[in-house]
Amino acid sequence: MTHDPASAPASSGSSGQDAPAVSRDFIREMIDKDMAAGRYGGRVHTRFPPEPNGYLHIGHAKSICLNFGVAREYGGKCNLRFDDTNPAKEETEYVEAIKADVRWLGFEWDGPERYASDYFGQLCEYAEALIAKGKAYVDSQTADQIRDTRGTLTEPGVASPYRGRSVEENLDLFRRMRAGEFPDGSHVLRARIDMAAPNMVMRDPVLYRIRRARHHRTGDAWCIYPLYDFAHCLSDSIEGITHSLCTLEFENNREIYDWLLAELGVYRSRQTEFARLNITHTVLSKRKLIQLVQGGHVRGWDDPRMPTLSGLRRRGYPPEAIREFCARVGMSRAAGTVAEYGLLEFCVREALNRTSPRIMAVLDPVRVVIENYPEGRTEWFEMPYFPEEGGGAPASWTGPETRAVPFGRELLIERDDFREDAPKKFFRLAPGREVRLRYAYFVTCTGVVKNEAGEVTEIRCVYDPATQGGDAPDGRKVKGTLHWVSAAHGVPARARLYEHMFAAAAVDAPEGGDFTDTLNPGSLRIAQARLEPAVADAKTGDVVQFERLGYFRVDEDSRPGNLVFNRTVTLKDAWARAEQKAGS
RNA sequence: UGGGGUGUAGCCAAGCUGGUUAAGGCAAUGGGUUCUGACCCCAUGACCGAGGGUUCAAAUCCUUCCGCCCCAGCCA
């Protein structure tokens, strides 16, 4: 998809397989202007720059969709660059996971993946150039002293006693830092800017520190490492990035970004910030996600309850749904806004509705006996995998159009679908009421069997043979249609049912307190389900709709004969909502 | 209390070089359709953080105030 100014707010993509339509946001408008003004030679070159210190989550997806999306729209390029300047935190395991996640989301970077560590040599040269200009010096204060003399938000800082060192001395010291002559923490390289700058970032920021730690790529080749402020702008410059898009918390850093590129006289990329993504009912900060994993609140980074891309993938969220969500949330500079989780779910349902075959499964079975149905008889009904009204099977579907479903005298239906004492608006099964068993017969409840505890253990019904296939020749209608599974044929399976991890948004969590206090203890529930036999051989990664219940994906824990499904998302349930409203 | 940002319906978000009936989506509600109470279709909502001012005319310009976010890591 190339950018065509003449049809700017384009969303015309009628193929339906395109990236989601993206509206003009302030970033794209800025790029439009840059293009019109001929800046950067008409190039657009972005980058997605994660630090390989953890797994990507849906917040990163917003940035990925932006950076790769913009590049695609303008016929430009997008690099994947690992911001690996802090060896203490970074690991190869994460770079591999990040690459896989970006690809899964549907994007491919231009050329090989880059690393800030690729530029360590060049960065050192830039540092020396800065020293030579008198714009950087080696400070030999302790970390505490540097902090104590930085001043406060309202008071200026105090110059370091080492601020006046000569260029020669600074150059010598810096080279010896690099050569490994000094212990960790004994010296740092600082920019010489302004200790009274109102922007704290500009009070002689530290550019390099001595840190003897094994780097995941460069090993022990280096003992000094650049900091973000020094490495990021110069990495952008080296790669010829035109638009350096990052989140709002880096706004204050833009000044040092511009300052360094200007002082060094190198190619100047331009930083633009946008608001990071927040979503209700979950947390999106790396720190908190780590706590969830390490605190044992979830099974791991790819727990289906996690907002990590690996978790969402395992849960069954299709990448196109995540892209669509990012497109719908939009871009702005308003911080602290929180997207509703419901929007994400809407996007997931929208994507899955088109592509998921339907089958019947019962999550909470109760036995139904059809008194007038012959004992030992089994009928097989051919049922479509895709509803005809929805246009039938999608192009991507390579399986059969239908499957055979066995019906017999004893069935299992959803416990929720029966009510002994049912209100008028309850369209399902109840004593004396007739409903349709999907694609099979109309049945009427004649009574129930209970155990000593008073629980219904069996529902007795009679069926109308004339309604075979699910329609009454006399034209009579029923309000309810229930899904069902033959008791004799139902395949046992576990279904993991998920709920929100948190009651509200992470941003609503009290600061300081332990946010895990607000964890939903019921975020995972396991149902012993019974499925129609057609899905007995479902394989990991398969996604199906359990009719009337939701979309389910076969988990990696699943084994033949021991199936495990994750409920990706429920279907909208107007009845449950109405009842809930009436109840409360 | 320094600096940098930001504030449009329940949520996200256009519009902001002044004049539009203040886009669109999600949610909600009502209705239609329906062998998934799903999908689909139709309908319903804001006077733009607050107060002044400029103007024939302001969400859009000026001003004052209020709220919220970010910055005092040798993290990114």
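1. In this predicted model, a sugar or linking oxygen of RNA strand B lies 3.0 Å from an N or O atom in the side chain of asparagine 353. Several elements give two or more residues to the surface near RNA strand B: helix H5 (143–148), strand E6 (206–210), helix H11 (319–329), helix H12 (341–355) and helix H13 (574–583).

2. Two further polar contacts involve other parts of the strand. A phosphate oxygen of RNA strand B is 2.6 Å from an N or O atom in the side chain of arginine 211. At proline 198 the partner is a polar backbone atom, which is placed 3.1 Å from a base nitrogen of RNA strand B.

3. As to the extent of the protein surface around the RNA, 68 residues surround RNA strand B, and the closest are Arg358, Phe427, Arg428, Arg438 and Gly469. By residue class, this surface divides into 25 nonpolar, 18 polar and 25 charged residues. On the RNA side, sugar or phosphate accounts for 64% of the atoms of RNA strand B within 4 Å of the protein, and bases account for the rest.

4. The backbone at histidine 281 deserves a remark. Histidine 281 has a positive phi of about 65 degrees, although it is not a glycine. The residue belongs to the loop between strand E9 (270–274) and helix H9 (286–294). With a relative accessible area of 22%, histidine 281 is classed as partly exposed, because the buried class requires a value under 20%.

5. Arginine 548 is likewise not a glycine, and its phi is positive, at about 70 degrees. Its location is the loop between strand E23 (543–546) and strand E24 (550–554). Is arginine 548 buried or exposed? Neither class applies: arginine 548 is partly exposed, with a relative accessible area of 33%, since exposed residues must be over 50% and buried ones under 20%.

6. Internal space is the final topic. Rolling a probe the size of a water molecule over the atoms shows where empty space is left. For this model, the count comes to 2 cavities of 30 Å³ or more. The second largest cavity holds about 40 Å³ of space.

7. Which residues line the second largest cavity? The lining is made up of Arg299, Asp303, Pro304, Arg496, Tyr498 and Leu524. In terms of residue class, the lining of the second largest cavity has 3 nonpolar and 3 charged residues, with no polar ones.

Note on methods: Residues are numbered from 1 along each chain as its sequence is written. Chains are lettered from A and ligands numbered from 1 in the order in which they are written. This is a predicted model: local features need pLDDT of at least 70, side-chain atom pairs count only at pLDDT 80 or more; totals for chains, interfaces and linings use all residues. Side-chain values use heavy atoms; hydrogens and water are left out. A residue is near a molecule or strand if one of its heavy atoms lies within 4 Å of it. A polar contact is a pair of N or O atoms within 3.5 Å; within protein, one must be able to donate a hydrogen and the other to accept it, and residues adjacent in sequence count only if both atoms are side-chain atoms. Helices (H or I, at least four residues) and strands (E, at least two) are DSSP runs, numbered from the N terminus. Ala, Val, Leu, Ile, Met, Phe, Trp, Tyr, Cys and Pro count as nonpolar, Asp, Glu, Lys and Arg as charged, and the others, Gly among them, as polar. Buried means under 20% relative accessible area, exposed over 50%, partly exposed in between (1.4 Å probe, protein chains only). On a 1 Å grid over the protein atoms alone, a cavity is a set of points where a 1.4 Å probe fits but cannot get out, and a pocket is an open set with protein on both sides within 12 Å along at least five of seven lines; lining residues have an atom within 4 Å of a point. Grid points are joined across faces, edges and corners, and a volume is the space filled by probe spheres set on the points.
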